[in-house]
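Student: I have a model open on my screen. Can you walk me through it?
Tutor: Sure, have a look first.

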Protein chains: 2
Amino acid sequence: MSIKYDIEPASLSVQIADAIREAIVEGRLKIDERLPTEQELADRFNVSRPTVREALKRLAAHNLIRSRRGPAGGTFVNRPSEEEGRAELATTAALMVSLDVFSLPEVAEARWQLEQACIPLAVANRRPAELDTMIAEVRRQEDPDLSDEEFCASDVRFHRALVDATHNPVLRFTLATVIEGLQPAVNMAVYRFRERAPLVDQHRRLYEAIRDEDVSAAIEVLSEQMTYLRASYDRAQAWREGRDQLEDTQHLTIAGEKETGAV
Amino acid sequence: MSIKYDIEPASLSVQIADAIREAIVEGRLKIDERLPTEQELADRFNVSRPTVREALKRLAAHNLIRSRRGPAGGTFVNRPSEEEGRAELATTAALMVSLDVFSLPEVAEARWQLEQACIPLAVANRRPAELDTMIAEVRRQEDPDLSDEEFCASDVRFHRALVDATHNPVLRFTLATVIEGLQPAVNMAVYRFRERAPLVDQHRRLYEAIRDEDVSAAIEVLSEQMTYLRASYDRAQAWREGRDQLEDTQHLTIAGEKETGAV
DNA sequence: GAACTCTCATTTGTCAAACAAATAGGAGCA
DNA sequence: TGCTCCTATTTGTTTGACAAATGAGAGTTC
């Protein structure tokens, strides 16, 4: 299969997208610089405008470019922000776990090890802002009226604050995969199979350990939480596999498939 | 800025892409299932075929779909593979470091902590295959005739084998960001500022520690390597910042911008 | 009857020309 | 000077068409 991709040339829109992408990565197109107009690009590459537009949409899908209409408009090179990159990592990861590429216990083990790796730096570099966020989320999680969705979201924010406390952008970036991508999807898959109280208690103790600069205590709490979660994950994973047996063959209906009318 | 995105509706191609993406994620479109033809989609969404195609290209950019021509052709939902997901993470990360979103010392610190996190699992789960790969790469790195590019590539393969040894797909997936994305770019940025011999020696001792199931020794070697690299990174970072001062304003020339002739 | 070749219908890939919509800048005017 | 309106530019979208790939079936030959 991969051989086929080598011998037969990629479609024109792919070639053009790659060429522009390369120009951006190598710095020939600088950040915030304006690209030629679509018509000019079409002329230069000897293709039609729709083909150029397909290429640009490929790049836009990765947030490499932005477009504006009007005389001062055009297509511009986007400055890659850490935030947008994190979002892309997160959606990629969420897709994979939602389509069962990863099993829940695997996610649990990975998250455990990765968050553990953050503890020493978090203890060393944490600032009041992150501590405030953590304890605020703990208090929110203690509210029994909190919806399941909000509890899961708060859980994610708590763990993100832990990673933020390292004050290392690369760690924050990399762990977006598990914290903002995998964990939300996992949370929604398992929230029926666990209790809130133990988690909140663990969060509070984790906060206290970070606050008191006690690395080993923090690691201990984290291990405890992951041991607890692993049991829930096992139950949820079993349920997931059972569910797959009797999945109903839903007919294809794509959302938004209707009269858009006001075109 | 974000407000603007909320009030003004996204372009049609974005709306359609999101709708189809949602259908995939929610399972209404199953893996390897065939989507309606482009003309059918255009009719259903009440848009033209080029608009549908732009939407499909957005999804294709994320490897969510594939297309084939012919009677049995069409557009199909891709099974997301761990490998493709890793590639996407890696390219995203490589883009960010090549455009100076991250500083080299930050990358060093993150990589150190993250690889450390892999050591316990690697020691517990390593198999002969990974050990063989590691020692093979060490031997290759000892060859003084090896080109700089090949040495850097071997370095990446060695560290990837370390992560592979954990036999945890989520860890392998997540660390692709640093191992396959950041590290190659960093290597090319710093290879002039370090010696090979210490690195190869460290790699050999790291291999031996993993082989002998000695966690603390492995972590020790890793710390040593990161301490050594940090100095190189600092020098390279200083050079990078100096280079930015006098960057020449290259004129825009996009590669492949020529007569494609055989269209 | 089996196997081979050829034609054909289907579907994506690409092109061409046009209109719609947004918008910045300038002409005209008070 | 400052306001309004017009206009040119550029992306967004439509329509219609042709090119290229390719699987399936008809027809032919052994």
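Student: How many helices and strands does chain A have?
Tutor: Chain A has 11 helices and 2 strands. Helices (H or I, at least four residues) and strands (E, at least two) are DSSP runs, numbered from the N terminus.

Student: What should I know about the model and the labels?
Tutor: This is a predicted model: local features need pLDDT of at least 70, side-chain atom pairs count only at pLDDT 80 or more, and totals for chains, interfaces and linings use all residues. Residues are numbered from 1 along each chain as its sequence is written, chains are lettered from A and ligands numbered from 1 in the order in which they are written, and side-chain values use heavy atoms, with hydrogens and water left out.

Student: In what order do the elements of chain A run?
Tutor: From the N terminus on, they go α-α-α-α-β-β-α-α-α-α-α-α-α.

Student: How much of chain A is buried?
Tutor: Buried residues make up 48% of its 263 residues. Buried means under 20% relative accessible area, exposed over 50%, partly exposed in between (1.4 Å probe, protein chains only).

Student: How is chain B related to chain A?
Tutor: A turn of 180 degrees and a shift of 0.1 Å along the axis lay chain B on chain A with an RMSD of 0.1 Å. That is the relation of a two-fold axis. The superposition is by least squares on the C-alpha atoms of residues with pLDDT of at least 70 in both copies.

Student: And which surfaces meet?
Tutor: 100% of the interface residues of chain B are also interface residues in chain A, so the copies meet through the same surface.

Student: On to the DNA. Which residues come nearest to strand D?
Tutor: Of the 26 residues around DNA strand D, the nearest are Arg49(A), Arg53(A), Ser48(B), Thr51(B) and Pro71(B). A residue is near a strand if one of its heavy atoms lies within 4 Å of it.

Student: Which part of strand D lies within 4 Å of the protein?
Tutor: Of those DNA atoms, 63% belong to sugar or phosphate and the rest to bases.

Student: Which polar contacts can I look up there?
Tutor: A polar contact is a pair of N or O atoms within 3.5 Å; within protein, one must be able to donate a hydrogen and the other to accept it, and residues adjacent in sequence count only if both atoms are side-chain atoms. A side-chain N or O atom of Lys57(A) is 3.2 Å from a phosphate oxygen of strand D. A polar backbone atom of Leu12(B) is 2.9 Å from a phosphate oxygen of that strand. Pro71(A) puts a polar backbone atom 3.2 Å from a base oxygen of strand D.

Student: What about strand C?
Tutor: 26 residues surround DNA strand C, and the closest are Leu12(A), Thr51(A), Pro71(A), Arg49(B) and Arg53(B). Sugar and phosphate account for 67% of the strand C atoms within 4 Å of the protein. A backbone N or O atom of Leu12(A) lies 2.8 Å from a phosphate oxygen of strand C.

Student: Back to H4(B). What length should it have, and what does it have?
Tutor: At 1.5 Å a residue, its 13 residues should span 18 Å, and its end C-alpha atoms are 18 Å apart, which agrees. The expected span is 1.5 Å times one less than the number of residues.

Student: Which residues of H4(B) are buried?
Tutor: Among them are Thr51(B), Val52(B), Leu56(B) and Leu59(B).

Conventions
Contact = heavy atoms within 4.5 Å.
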